[in-house]
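Biologist: I am new to this one. Please take me through it, and show me how each label is earned.

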Amino acid sequence: MNTFKKSSYSSTVENCVEICHADDFMSIRDSKNPNSPILHFPPDAYHSFIARIIKETL
């Protein structure tokens with residue numbers, strides 16, 4: 001199984017998510033609650049989502 005990683009920009013007091021890269025999907029979970037539900041996305045959908053966040057269109 002791949003390992004979840006938290007951004008180096010994250011601090012211990014902020015709301016953050018952790019990302020796990022797999023061959024055929026990307027997974028995201030709450031860093032403060034690793035037992036919470038995990039969201040799985042196809043890579044294209046994940047990269048499109050991140051691009052929209054960067055452009056601040058969400």
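Biologist: Which residue of β4 stands opposite I28?

Modeller: L39 of β4 stands opposite I28. Bear in mind that this is a predicted model.

Biologist: What elements does the chain have, and in what order do they run?

Modeller: One helix and four strands. From the N terminus the order is β-β-β-β-α.

Biologist: What makes β3 and β4 a pair?

Modeller: A pair needs at least two bridges. Three bridges join β3 to β4, so the label holds. These two strands run antiparallel.

Biologist: How do you know that β1 and β2 pair?

Modeller: The cut-off is at least two bridges, and two bridges join β1 to β2, so they pair. They too run antiparallel. K6 stands opposite E18 of β2.

Biologist: And what makes β2 and β3 a pair?

Modeller: Five bridges link β2 (residues 17–21) with β3 (residues 26–30), against a need for at least two, so they count as paired. The sense is antiparallel. Among the facing residues, E18 has R29 as its bridge partner in β3. I19 stands opposite I28, and H21 stands opposite M26. A hairpin of four residues joins β2 to β3.

Biologist: What sheet do the four strands form?

Modeller: An open sheet, in the order β1-β2-β3-β4, with antiparallel pairing.

Biologist: Why are β1 and β4 said to stand at the edges?

Modeller: β1 (5–6) and β4 (39–41) each have a single partner strand, so one side of each has no neighbour in the sheet.

Biologist: Why is β3 described as largely enclosed?

Modeller: Four of its five residues are buried, so the rest of the structure largely encloses β3. Across the chain of 58 residues, 22% count as buried.

Biologist: Where does α1 lie?

Modeller: Helix α1 lies across β2, β3 and β4. It runs at about 55° to β3.

Biologist: How do you know that the span of α1 agrees with what is expected?

Modeller: Helix α1 (residues 43–54) has twelve residues. At 1.5 Å a residue, the expected span is 16 Å. The end C-alpha atoms are 16 Å apart, so the two values agree. Just after α1, E56 takes a positive phi of about 60°.

Biologist: Why are C16 and C20 called buried?

Modeller: Buried means under 20% relative accessible area. C16 has 12%, so it is buried. C20 has 5%, so it is buried as well.

Biologist: How many disulfides does the count come to?

Modeller: Zero. A disulfide needs a pair of cysteine sulfur atoms within 2.5 Å. By that rule the count comes to zero disulfides.

Biologist: Where is S31, and is it buried or exposed?

Modeller: S31 is in the loop between β3 and β4. Its relative accessibility is 17%, under the 20% cut-off, so S31 counts as buried.

Biologist: Which residues does S31 touch?

Modeller: Leaving out residues up to four places away in sequence, S31 touches K6, C16, V17 and E18.

Biologist: What makes the approach of S31 to C16 a polar contact?

Modeller: A polar atom of the S31 side chain lies 3.0 Å from the backbone oxygen of C16. The cut-off is within 3.5 Å, so the distance fits a polar contact.

Technical notes. Residues are numbered from 1 along each chain as its sequence is written. This is a predicted model: local features need pLDDT of at least 70, side-chain atom pairs count only at pLDDT 80 or more; totals for chains, interfaces and linings use all residues. Side-chain values use heavy atoms; hydrogens and water are left out. Buried means under 20% relative accessible area, exposed over 50%, partly exposed in between (1.4 Å probe, protein chains only). The expected span of a helix is 1.5 Å times one less than its number of residues. Contact means heavy atoms within 4.5 Å. Axes are lines fitted to C-alpha atoms, for helices over the stretch in contact, and angles run from 0 to 180 degrees between N-to-C directions. A polar contact is a pair of N or O atoms within 3.5 Å; within protein, one must be able to donate a hydrogen and the other to accept it, and residues adjacent in sequence count only if both atoms are side-chain atoms.
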